[in-house]
Structure formats: C-alpha cells, structure tokens
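Visitor: I'm new to this one and would rather see one part properly than everything in a hurry. Please pick a part and take me through it closely.

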Amino acid sequence: MKPDRILIIDDEPDILYLFEMILTRHEFFVQTADSFDSAVSILKTALIPFDLILSDIKMPGVSGVELLPIVKSMMPTTPVVLVTGYPTLETSMVALRQGAFDYLMKPVTETELMRVVHMGIRHKHLLDSKVSLENDLIESESRYRTIVEDQTDLICRFNTNGVLSFINKAYRQFFSLQTEQSDPPFFFLFTNTSVNESIISQIQSLTIERPIITFEHKMKSETDQDLYYHWQIRALFSSDAHFLEYQAVGRDITDHKRVEDMLKLSSTQANQATKAKSRFIANMSHEIRTPLNGIIAMVSLLSETNLSRDQKDFLYVLKSSADSLLETINDILDYSKIEADALILEKIPFDLYGLIQKVLLMLCPKAEEKDIELIFLYNENCSTWFVGDPTRIRQIITNLVGNAIKFTHKGHVLLKVNFPQTDTDECLLQVSVEDTGIGIDSEQLNHIFMEYSQADFSISRRFGGTGLGLPISKRLIEKMNGHLDVLSEMNKGSIFVFSIPLSTMGDIPEAFQSPVIQPFNKPAHVLIVMKYPITAQIIQHYLMGWNLSSEICHTGNKAISLISSAKEMQQPFTFIFIDDHLEDTNGIVLFKQIRSIQAEIKCILFVPFSKRGGINELLKRGVSAVLNTPIDKFELYHILSRLIYPSNELTSTLNYSFIDQGLNLPLDTPLPLIHALDNLHILLVEDNMSNLQAMKWMITNLGCIVDTAIHGKAAVELITQNGKIYDLILMDMHMPEMDGLQATRVIREWEEKIKQERNRSMDSCKAMPIIAITASVLREDCDVCIQQGMNDVIIKPVSKKDLFDLIQKWCVTSTHTQQSSSQLDSSKKIKQTNSQIESYPVFNQHETLERYDGEESLMLEIIHTFIENVPTQLNDLQNAITTGEMRTISEKAHAIKGGASYVGASQIQHIAYEIELSAKTSKTHSFSANIESLTKAIELFRNHFKNNVT
C-alpha cells in the first residue's frame with residue numbers, strides 16, 4: 001500500500017523541518033515548499049494528487065487563502081489545512097468559505113498535527129468515495145464554532161432589537177453573562193445609554209450593499225479601568241438577500257491607544273524641544289550679532305577713508321572674517337527655523353532681474369579673484385516682476401552660484417533663467433547654475449543634500465563651509481512647491497536646476513519699469529574684444545537683436561589688426577567693446593592704441609566690479625562709457641542709446657545704474673534718489689555709546705541730520721515735550737529707563753492725541769516711521785515690534801547700505817507697506833567657550849586705533865565716553881546682583897560688554913560676558929568673584945589709558 005502524500009508549505013525553515021520530521025516518522029510521503037510560487041509549481045507538475053496540504057496562512061507578499069482556489073482547480077478533493085499564529089474570525093470565515101479544511105494554531109503539538117492530518121486524509125478518502133457532503137458541512141460548522149469560541153475577540157450575533165442569539169466565551173466573560181439565564185441578554189449598545197444613538201441608527205441602516213460599519217468605543221473593566229475596543233458590525237443576509245441578523249466583533253485596542261497617546265506626547269515634547277532649541281539659537285545669534293554690528297559698522301566707515309596698502313589688506317581680512325561669521329550665523333538659524341517648521345514665506349512684488357543682478361554683483365569679486373567667467377542669461381522676452389519671497393529666492397541663488405564659484409578653478413559659471421510653459425495660471429521659474437568645476441562623484445550625489453555634509457570630508461577641509469547651503473536651498477525650494485535637480489561629472493562640472501511656481505505681477509510701478517528695448521534704426525558696426533568667448537557671444541546675441549552688426553576677437557593684437565583692415569576697406573567700426581583684462585594687454589593700453597589708428601571710434605570699456613572706483617578717471621581719458629561685468633543688458637542698451645542718439649532726450653528717462661564709491665549705493669538706484677536723503681531729519685535712539693556714535697556717523701555721511709537719544713524716555717521727551725517731528729526714528733529695542741516697545745506705544749498715543757486735537761479727518765497728521773533696531777532674528781520677536789506700532793525692523797549688524805535702503809524705503813518712496821523688511825530671516829549660533837581672562841590685553845591700542853582709521857581724536861573721544869559711563873554701569877550691575885534680578889544682571893553686563901568691545905578693553909569685555917552668561921544660566925555662585933575681577937579690569941583700563949595712550 002502506497003503511503004499518503006502530504007505537501008507542506010511554509011516560509012519558515014524550522015516549521016518545515018518540524019512538520020516533515022513528524023510526518024515522515026509516521027510513514028507519510030512528504031514534499032515541502034518554502035514559498036507560494038514553489039508550491040504552485042509543485043502542484044502543476046504533480047502527477048498524483050496530494051492527499052493533504054498543510055499551508056502557512058501568512059507568507060511574504062501572499063496569503064495562504066490565495067492558494068485555496070488554485071488547489072481547488074487542480075486537485076478538487078485535496079483538503080488544505082491552514083496554519084496560523086494569529087487567528088481572527090474574519091480570516092477564519094474567509095478561509096473556510098474558500099474551501100479550507102481546517103486550522104492549526106501555532107505552536108502545533110504532534111498530537112494535534114496528527115489528529116488534523118488523519119482527519120484531513122480521511123476526509124480526502126471520503127470525498128473520493130463520494131461520501132455525503134452534508135456530514136462534512138456539519139463537521140465544518142462545528143469546527144467554525146470551535147474556532148469562534150476560542151477567539152479572544154468579543155464575538156456575538158443579535159437581532160434588530162439587540163437580543164443576542166450567539167456569544168462566544170470571551171464576550172460572555174467580559175460582560176459576566178451566565179450560560180443560562182431567564183432574561184435574554186442584549187448587545188451592550190442597546191442597553192448602554194452613554195453610547196451615541198447615531199451608532200445604533202447606523203447599525204439599523206445597514207444594507208446588502210453597505211453591510212459593515214466600524215467604530216471605537218471606551219468601556220469600563222471590572223476594576224473600573226478604561227478599556228478601548230474596536231468594533232466591526234456586519235449585517236448578515238441569506239442567499240436570496242433576506243436579512244438574517246447582525247454579527248459583531250470587538251477587539252481590545254487599549255494597549256494600542258496607550259502607545260498612540262505616548263507617541264502624541266513624545267511628538268509634543270519633541271516639538272517643544274525643537275522650539276526651545278530655535279529660541280536658544282536665536283538668543284545666541286543675538287549675542288553674536290551685537291558685537292558684529294560694531295565690527296561691520298567700523299569696517300564700513302574705515303573703507304571710506306584714505307588707507308595705506310597694508311591697511312587695505314588688513315581691512316579686507318577683517319571684512320572677510322566678519323562676513324564669514326555672519327554667513328555661518330545665518331545658515332544655522334535658517335536651518336533651525338526650517339527644522340522647526342517656523343519659517344514663513346512672504347508673498348510680495350519684486351524685480352527678479354534686479355535681484356539676480358545684485359546677487360551676481362555681490363559674488364563677482366570672488367569670481368574675479370579666481371579668474372572665472374561669471375555669466376548671466378535672462379529670457380529677454382519675459383517679465384521681470386513677480387510676486388513671491390525675494391529674500392528666499394535670493395538666498396537660494398546666492399547659495400548655488402556661490403558654491404559653483406567655490407568649486408570652480410577655471411572656466412565659467414553660467415546662470416540661466418527661463419520660464420517654461422505650464423498649464424496653470426502661475427508662471428514657472430526655472431533657474432540653472434552651470435559650472436566647469438571639480439564635479440561630484442555619482443555615489444556622492446546622494447549625500448550632497450544632507451545636513452552638515454559636503455561631497456566628502458576632504459572637500460569640507462579644502463573649501464570650508466557649514467555644509468548647510470544646499471540642504472537649506474533644497475528645503476526652501478520644496479517649501480515653495482518646487483524641486484531641485486543636479487547633474488554632475490567628475491572634473492567636468494555640475495549643473496544645478498531648480499523650478500518654482502511664481503505669481504505674475506499685474507501693474508508694475510512706472511518708476512521701476514524696465515526700459516522698452518527696441519531695435520536701433522541707425523546702423524552701427526561693433527568690435528567685441530573680450531577675453532571670455534561666452535561673454536562675447538552673449539553680447540553679440542544682444543546686439544543682433546538690437547539690429548547692430550558685430551565681430552568678435554579675444555586679444556589686443558587681433559583687435560588692432562581688425563580695426564586697421566576695416567579702416568582700409570572704408571568700413572570702420574563705430575564702437576569697440578574692450579575687456580579690461582585681456583591676455584596680452586589691458587583695456588586702457590589697447591584703447592590708446594586704437595585711438596591712434598581711428599580717433600573717432602567710440603569705446604565702451606568693461607571692467608570688473610571690484611575696479612568700479614576709477615570710472616571718472618577713465619572717462620577723463622576719453623572712454624565713452626564704462627560698464628561693469630557681469631553685463632546688465634538694460635544698462636548696455638541705455639549706453640548705446642545715448643551714444644547712437646546723443647540728442648534724444650527720451651534716453652534720459654531710462655533708469656540707469658549709479659555707482660558711487662563713497663556711498664556704496666545699490667547699483668539699481670535711480671538717479672532721482674541719489675540726493676533724496678539730503679537734510680532728512682532722523683532720530684537715533686541707542687543706549688550703547690559705541691553703537692550710537694558709529695551709526696550716527698554712517699547716517700550723517702548719507703546726508704541726513706541726526707538727533708540722538710540714549711534711551712526711550714529721552715526720545716519720548718524730545719517728541720512729546722519739545723514737539724519735534726522726524727522723518728524717521730531708529731529705535732533700539734533693549735534700553736534702560738524705557739525700552740523701544742514702551743517708547744513706541746507712548747509716541748503713537750501722542751500722535752493720535754495730536755491728530756484728534758487738530759482734526760480727526762486730517763490726512764496730514766501722518767505717523768512718523770519708527771524702525772526697530774534689534775539683534776534678535778526670530779520672526780515672533782520681530783512681529784511683536786510691528787504689532788506694537790513699529791513700521792519695520794532692521795537686524796544688527798547694520799551697514800551703511802542697510803541704512804540707505806531703509807531710509808530710502810520709508811522717507812523717499814511714495815508708498816510703504818506696514819510689514820517688516822526681509823532682513824528678518826537670517827541667523828546662526830556660535831559656541832563661545834570660557835577663556836582665561838588674563839590672556840586678554842587690558843587695552844589693545846593698535847587694533848582700536850586701526851578701527852578708527854588712525855583718527856586718534858575720534859578714538860579718544862569714544863574711549864572718554866566709555867570711561868565716563870562705565871562706573872555708573874558697574875554700580876547698576878552691582879545693585880542688580882544684590883537684588884538678584886537675573887534679567888537685569890544680564891542686560892547690564894551686556895551693555896558693559898558692548899561698550900568695551902568698541903574701545904578695545906578686552907579684559908572688561910570678556911569678564912562682562914562671563915557675568916552675562918552666568919545670569920542667563922542662573923549660576924549665581926560666580927558673581928562675587930566676577931564683579932571683583934570686573935572692578936579691577938576697569939581700574940586697570942582707566943590707569944592704562946591715562947598713562948599709556950598716546
């Protein structure tokens with residue numbers, strides 16, 4: 001007699017081995033399959049049907065239930081026993097209805113296994129012998145009830161009135177129901193008045209098309225603990241669609257709910273920690289920006305004085321270091337804001353073309369240092385005005401172009417702006433930055449957008465940087481619903497492309513409209529002498545569109561040859577465009593040579609932005625015009641218009657870039673605005689004497705008249721008691737007597753009172769613009785300033801350009817928006833370690849004198865001011881320590897530290913910092929020793945100044 005054949009299917013080798021060992025020992029012929037596919041393959045190739053199939057119900061990607069119809073089609077009478085470790089009513093019913101013979105629940109004992117195996121094989125033999133199917137159905141129903149009875153879920157059936165017709169053991173025990181009781185039990189929903197009646201209504205509305213509802217419900221245990229159950233209620237119908245009864249399954253999800261609550265709590269705590277970290281970083285940024293304000297302000301002032309070559313070199317290093325520190329601060333704070341989802345994007349009108357020009361002008365000195373061609377291509381048929389966040393777009397472009405310059409040793413960096421067609425009302429901005437730099441390995445491309453990393457650590461060491469530029473850019477682009485892509489090849493370069501949707505701007509202010517470019521109707525022949533071929537080709541492309549013919553060469557010798565030949569052929573050039581930095585000569589030398597050949601030729605000299613200071617001298621030598629690179633096509637068109645049509649007065653109405661080496665004004669400043677700041681009356685409110693003097697100097701140099709106040713109370717008295725009206729008020733936020741917010745509220749109340757006294761409808765009683773000066777960069781802090789009546793916020797450190805832009809915005813431009821400026825979104829933290837105070841000099845005379853451009857009288861004036869004020873500040877600090885007011889201690893120490901930084905009192909500066917730090921961290925034990933050290937340091941500084949300063 002041949003042994004019965006059994007197929008075992010399970011993806012766990014241990015189960016396969018166990019079942020095979022047991023069944024082989026009982027003299028069965030056993031075949032195994034470790035996956036669904038291998039099982040199907042065995043079934044297809046089997047010549048003799050199996051007498052029984054044991055299959056795991058859960059296998060990778062499939063369910064054992066899916067095997068049932070396949071077995072049924074191939075071996076109709078072969079029984080299938082499903083093995084599971086997680087039986088549920090739903091899967092049980094589906095499996096049995098699909099033709100499963102039985103269930104085995106893991107762990108399976110040998111007795112149970114053999115019982116089911118023998119039963120299954122006997123069932124096979126009975127089917128083969130055409131035994132009545134009715135007995136098998138009865139046995140299957142019995143097995144179903146056994147499975148249901150053993151379930152830990154609460155299972156029951158009930159009629160439309162809620163009377164139970166069947167309950168399993170778990171349901172009976174949970175509700176303490178007796179097996180036999182006089183009154184029929186009800187499904188709990190029909191007796192529990194705390195349950196929403198709408199659920200009962202939903203149960204009664206179930207149909208054959210919508211037979212199931214699910215919901216969660218809180219219940220009480222016998223020990224009065226809260227339990228959560230997930231219920232599924234199904235309406236059962238007969239084969240002819242008549243309603244029979246309801247079936248309900250309740251599963252305990254209390255543990256799941258508790259885990260869910262813990263996750264929510266953890267998420268809340270994590271968000272709070274992230275916000276706390278952002279606040280800490282912002283506070284650190286505040287502390288760093290305050291001394292940086294003095295550094296950058298003094299650098300700006302020194303740059304406008306007569307300097308020796310060595311002094312210029314020293315100043316360049318100082319400015320580079322300060323800019324690098326500020327850039328690092330900005331990157332870290334930006335990333336912190338993005339991480340905390342605290343970054344808010346603006347939607348304001350802006351000039352995209354002008355924005356990019358400013359970015360390139362800022363970066364072109366770096367490109368010039370490396371002799372890299374910096375090129376800008378803008379689709380000239382497209383608008384330049386859009387609505388979006390110009391600050392963030394500028395930041396992204398600065399990061400991408402800055403990186404391209406950093407990692408390129410020779411060749412070019414090309415910035416292209418396009419606007420692909422879209423099916424939406426929005427305009428799609430596409431910007432690509434292409435370089436011929438070192439490139440990125442394909443394996444490293446996956447890491448360049450990770451935080452705090454570059455392509456590899458060696459690159460970090462060679463080129464520096466925080467590794468946050470690209471991650472920040474990517475996150476910003478994604479926040480603007482755009483995407484960033486990169487293509488790169490080692491030693492050949494990289495291309496970064498980002499696309500973001502922008503809204504187009506309707507009516508553009510007439511004063512800021514770009515000039516209308518039309519082809520010239522007067523012929524002109526141009527010779528383009530450019531070192532870089534791509535730049536020459538771009539210029540030629542512009543000229544072709546303006547109906548001007550041109551030729552290109554790249555050396556001075558070739559230019560002389562072409563000019564001589566053209567003159568001999570009586571087809572002389574009208575204009576010559578000369579690159580100041582050719583391989584074989586410079587622009588001025590070549591210009592002189594050309595004028596000796598053709599005196600009437602008009603020359604436009606292209607000079608690097610770093611050499612913009614010598615324009616007047618070049619014009620005196622006979623050069624017709626001087627333009628900076630990278631080339632501004634509108635500026636080039638305007639120059640040519642003036643030269644081709646010298647008598648046409650219309651050309652004077654075009655906006656024209658203004659360059660002033662003294663003011664360092666924005667390059668797109670319209671001519672009418674150059675002298676608009678003259679005689680404006682400005683009130684500067686600042687308690688730090690060093691900052692006050694530096695900012696007053698800068699504002700005065702802009703042509704304004706400046707009044708000063710050392711705290712908010714003094715500013716209020718100037719206005720409310722003396723009746724002074726100012727064109728602009730610059731208000732520091734943290735001051736003694738009365739802070740900036742309090743002063744602003746008082747001034748606004750006074751203005752409203754005056755307006756009501758004169759005439760409620762008088763438009764002439766306009767509020768004075770009040771600008772907050774702060775080192776805080778958190779948006780919520782800046783928003784408070786606006787909410788309290790201020791018009792704008794300027795972030796320390798403040799440069800002369802910042803002041804010019806701000807004053808021009810609020811005092812010259814005819815319309816203003818009551819929103820904070822875009823300077824609110826940058827900052828970073830820098831760790832500051834404790835130092836040995838003794839290692840710092842009492843007074844750094846050399847560096848302090850250099851800070852004031854060798855003007856000893858100015859230095860002495862500021863030092864005198866500091867020495868006069870610091871005893872009072874020290875006394876205030878000691879009183880605050882006596883009363884234990886930590887915030888006041890921190891503020892007083894901060895004021896001493898700021899003043900000391902401007903006068904080179906290094907010991908005082910660092911001791912004051914230690915006290916400020918101790919106050920912020922509530923470490924009071926060090927106050928006594930620090931005050932003693934600070935008193936000695938102040939006395940040492942005073943004596944040193946008295947005896948040694950010459």
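**A sheet and the helix across it**

Guide: Let's start with the whole chain, which has 29 helices and 29 strands; these are DSSP runs numbered from the N terminus, with helices being H or I of at least four residues and strands E of at least two. This is a predicted model, where local features need pLDDT of at least 70 and side-chain atom pairs count only at pLDDT 80 or more, while totals for chains, interfaces and linings use all residues. Residues are numbered from 1 along each chain as its sequence is written, and side-chain values use heavy atoms, leaving out hydrogens and water.

Of the 950 residues in the chain, 48% are buried, where buried means under 20% relative accessible area, exposed over 50% and partly exposed in between (1.4 Å probe, protein chains only). Take the contacts (heavy atoms within 4.5 Å) between residues at least 6 apart in sequence: 66% of them join residues at least 24 apart. About 47600 Å² of the chain is exposed, with carbon and sulfur atoms supplying 51% of that; such areas come from the Shrake-Rupley method with a 1.4 Å probe, and for residues only the protein chains shown count as cover.

Now for the part I'd pick: an open sheet of five strands with parallel pairing. Read across it and the order is S21-S20-S22-S23-S24. Two strands count as a pair if DSSP finds at least two bridges between them. Strands S21 (549-553) and S24 (625-629) are the edges; each has a single partner strand, so one side of each is left without a neighbour in the sheet. From one strand to the next, the twist averages 20 degrees.

Zoom in on one pair. Strand S20, residues 525-529, runs parallel to S21, and five bridges join the two. Look for Ile-528 here: the residue opposite, in S21, is Ile-552.

Next, find helix H17, residues 587-597, which lies across three of these strands: S20, S22 (575-579) and S23 (602-608). H17 runs at about 155 degrees to S22. For that angle, axes are lines fitted to C-alpha atoms (for helices, over the stretch in contact), and angles run from 0 to 180 degrees between N-to-C directions.

Which residues of H17 are buried? They are Gly-587, Ile-588, Leu-590, Phe-591 and Ile-594. These five residues sit on the same side of H17, because they cover an arc of only 160 degrees around the axis, judged by the directions from the helix axis to the C-beta atoms. Over on the other side of H17, Lys-592 and Ser-596 are exposed.

H17 also has a cap at its N-terminal end: Asn-586 places a side-chain oxygen 3.2 Å from the backbone nitrogen of Ile-588. So Ile-588 turns up twice, as one of the buried residues of H17 and as the backbone partner of that cap.

For a contrast with the parallel sheet, step back along the chain to S18 (residues 483-489) and S19 (residues 493-504), an antiparallel pair joined by seven bridges. There, Val-486 has Phe-496 in S19 as its bridge partner. These two strands make a hairpin with three residues between them, and Asn-491 in that hairpin takes a positive phi near 65 degrees.

Notes:
Polar contact = N/O pair within 3.5 Å; in protein donor to acceptor, adjacent residues only side chain to side chain.
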